[in-house]
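Thank you for making the time this morning. I would like to walk you slowly through one structure, so please have the picture in view as I talk.

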Amino acid sequence: YSTKILAIVGKYSFEIMALQFTVFKIFDVLYGKINGISFSQYSRFPFAFDDLFGVYIILGVGIPVLIGFICEQVKMRISRWLFH
């Protein structure tokens with residue numbers, strides 16, 4: 001399974017690089033709002049909550065990969081629809 005996971009991460013590496021900080025900050029705001037944490041905490045870079053490092057890794061890789069996969073599927077279906 002590890003080689004498949006690494007292949008997928010490699011395939012969507014551009015999406016990961018482009019979206020990871022956006023995902024981090026969206027998570028920071030959502031987590032902060034839910035837990036009533038001061039807005040000034042969100043400005044820490046690259047992420048605000050050090051104790052949630054594992055969550056950042058999973059979200060920072062998982063969500064961009066999911067977005068890349070969905071975009072790829074949409075493009076494929078549109079091209080099939082247009083050229084078939």
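Let me begin with a question: is Lys-25 buried, partly exposed or exposed? At 27% relative accessibility, Lys-25 counts as partly exposed, where buried means under 20% relative accessible area, exposed means over 50%, and partly exposed is what falls in between, using a 1.4 Å probe and protein chains only.

Before going on, I should say what kind of model this is. It is a predicted model, in which local features need a pLDDT of at least 70 and side-chain atom pairs count only at pLDDT 80 or more, while totals for chains, interfaces and linings use all residues. Residues are numbered from 1 along each chain as its sequence is written, and side-chain values use heavy atoms, with hydrogens and water left out.

As for confidence, the mean pLDDT of the protein is 92, and 100% of its residues reach 70 or more; pLDDT is the predictor's confidence in each residue, on a scale from 0 to 100. Among the elements of the protein, helix α2 has the lowest mean pLDDT, 93, and helix α3 has the highest, 95. When I say helix, I mean a DSSP run of H or I with at least four residues, numbered from the N terminus, and a strand would be a run of E with at least two.

Now to the salt bridges, of which the structure holds 3; the term stands for a side-chain nitrogen of Lys or Arg within 4 Å of a carboxyl oxygen of Asp or Glu. Lys-25, where we started, forms a salt bridge with Asp-28, and the closest N and O atoms of that pair are 3.1 Å apart. Both Lys-25 and Asp-28 lie in helix α2, 3 residues apart, which is about one turn of the helix.

What is the relative accessibility of Asp-28? The value is 0%, so Asp-28 counts as buried. Leaving aside its neighbours within four places in sequence, Asp-28 is in contact with Tyr-42, Phe-47, Ala-48, Phe-49 and Tyr-56, contact here meaning heavy atoms within 4.5 Å.

Phe-27 is also found in helix α2, and with a relative accessible area of 17% Phe-27 is buried. Not counting residues up to four places away in sequence, Phe-27 touches Leu-52, Val-55, Tyr-56 and Leu-59. By contrast with these contacts, the C-alpha atoms of Phe-27 and Arg-80, which are 53 residues apart along the chain, are separated by 35 Å.

Let me turn to how helix α1 and helix α2 meet. Helix α1, residues 2-11, and helix α2, residues 13-35, pack at an angle of about 65°, with their axes 4 Å apart; the axes are lines fitted to C-alpha atoms, for helices over the stretch in contact, and angles run from 0 to 180 degrees between N-to-C directions. That makes α1 roughly perpendicular to α2, given that angles of 65 to 115 degrees count as roughly perpendicular, those under 35 as roughly parallel, those over 145 as roughly antiparallel, and the rest as oblique. On the α1 side the contact is made by Val-9, Gly-10 and Lys-11, and on the α2 side by Ser-13, Glu-15 and Ile-16.

Lys-11 appears again in another salt bridge, this time with Glu-72, the closest N and O atoms being 3.3 Å apart. Lys-11 lies in helix α1 and Glu-72 in helix α3, so the pair ties together parts that are 61 residues apart in sequence. Lys-11 counts as exposed at 52% relative accessibility, whereas Glu-72 counts as partly exposed at 29%. Staying with helix α1, we also find Ile-8 there, and the C-alpha atoms of Ile-8 and Val-65, 57 residues apart along the chain, are separated by 7.8 Å.

Finally, please look at the loop between α2 and α3 (53-83), which is where Pro-46 is found. Which residue does a cis peptide bond join to Pro-46? The partner is Phe-45, and omega is about 0°. As a general point, most peptide bonds are trans. The remaining salt bridge I want to show you links Arg-44 with Asp-50, whose closest N and O atoms are 3.0 Å apart. Arg-44 counts as partly exposed at 35% relative accessibility, and Asp-50 counts as partly exposed at 48%.
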